[in-house]
Amino acid sequence: METKRLAWDEYFAAQALLIANRSTCKRARVGTVLVQGNKVISTGYNGSVSGTEHCIDHDCLVIDGHCVRTLHAEVNAILQGAERGIPKDFTAYVTHFPCLNCTKQLLQVGCKRVVYINEYRMDDYARYLYKEKEVELVHLPIEKVKAAIVETDLI
Ligand SMILES: [Zn+2]
Ligand SMILES: [Zn+2]
């Protein structure tokens, strides 16, 4: 039988999916992997400030249609990366298209490419900013990621 290897985009997108499983928010389970030169800089999932109450143990704290308890996955990945330094021109692998706030922060720290699985609430101004900053947006649908990972004989 032919042995297939995961392509890099599927490899890191699958990691973002796995990382989303650590999310503590009930409304959306989001994962992010920041990558440069095919090496992981940092990872993040959406969750509360460390040591404070989780949405999974209470209800979400929803204001204006958003859960305000959590830090978004992208922000957590940026903060984790900041501890060691974030190199410029990295790729962000995200389970959901980044919100406007996360978009601004990703751009500000040098994101040059975004690979997203879910076309979740695609904000017009976020898309405008990516275009202005000449950031490549790549949609990698869940079916493609799943099809790539089920090739393994472990799952
Ligand atoms: Zn929540
Ligand atoms: Zn966000």
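In this predicted model, strands β1 and β2 form a hairpin with 2 residues between them. Gly-37, in the turn, has a positive phi of about 60 degrees. The pairing of β1 (residues 31-36) with β2 (residues 39-45) is antiparallel and extends over 6 bridges. One of the bridge partners is Lys-39 in β2, which is matched with Gln-36.

A second feature is the site of the zinc ion (ligand 2). Its protein donors are ND1 of His-72, SG of Cys-99 and SG of Cys-102, at 2.0 to 2.3 Å from the ion. Along the sequence, these donor residues follow the spacing H-x26-C-x2-C. His-72 and Cys-99 are 27 residues apart and link distant parts of the chain. His-72 belongs to the loop between β4 (66-67) and α2 (73-82), whereas Cys-99 belongs to the loop between β5 (90-96) and α3 (100-108).

A nonpolar patch on the surface is formed by Leu-6, Trp-8 and Tyr-11, which together have about 290 Å² of accessible area. Tyr-11 lies in helix α1 (residues 8-20).

Relative accessibility is listed below for residues of the zinc site and the patch.

| Residue | Relative accessibility | Class |
|---|---|---|
| His-72 | 33% | partly exposed |
| Cys-99 | 28% | partly exposed |
| Tyr-11 | 37% | partly exposed |

Because the partly exposed class lies between under 20% (buried) and over 50% (exposed), the zinc donor His-72 at 33% is placed in it. Cys-99, at 28%, is likewise partly exposed, and Tyr-11 of the nonpolar patch is partly exposed at 37%.

Technical notes: Residues are numbered from 1 along each chain as its sequence is written. Chains are lettered from A and ligands numbered from 1 in the order in which they are written. This is a predicted model: local features need pLDDT of at least 70, side-chain atom pairs count only at pLDDT 80 or more; totals for chains, interfaces and linings use all residues. Side-chain values use heavy atoms; hydrogens and water are left out. Donors are N, O and S atoms within 2.8 Å of the metal (3.2 Å for Na, K and Ca); water is not among the atoms, so sites may look incomplete. Helices (H or I, at least four residues) and strands (E, at least two) are DSSP runs, numbered from the N terminus. Buried means under 20% relative accessible area, exposed over 50%, partly exposed in between (1.4 Å probe, protein chains only). Two strands pair if DSSP finds at least two bridges between them. Patches are made of residues with over 30% relative accessible area and no salt bridge: like charges are joined within 9 Å, nonpolar side chains (Val, Leu, Ile, Met, Phe, Trp, Tyr) within 5 Å. Accessible areas come from the Shrake-Rupley method with a 1.4 Å probe; for residues, only the protein chains shown count as cover. A salt bridge is a side-chain nitrogen of Lys or Arg within 4 Å of a carboxyl oxygen of Asp or Glu.
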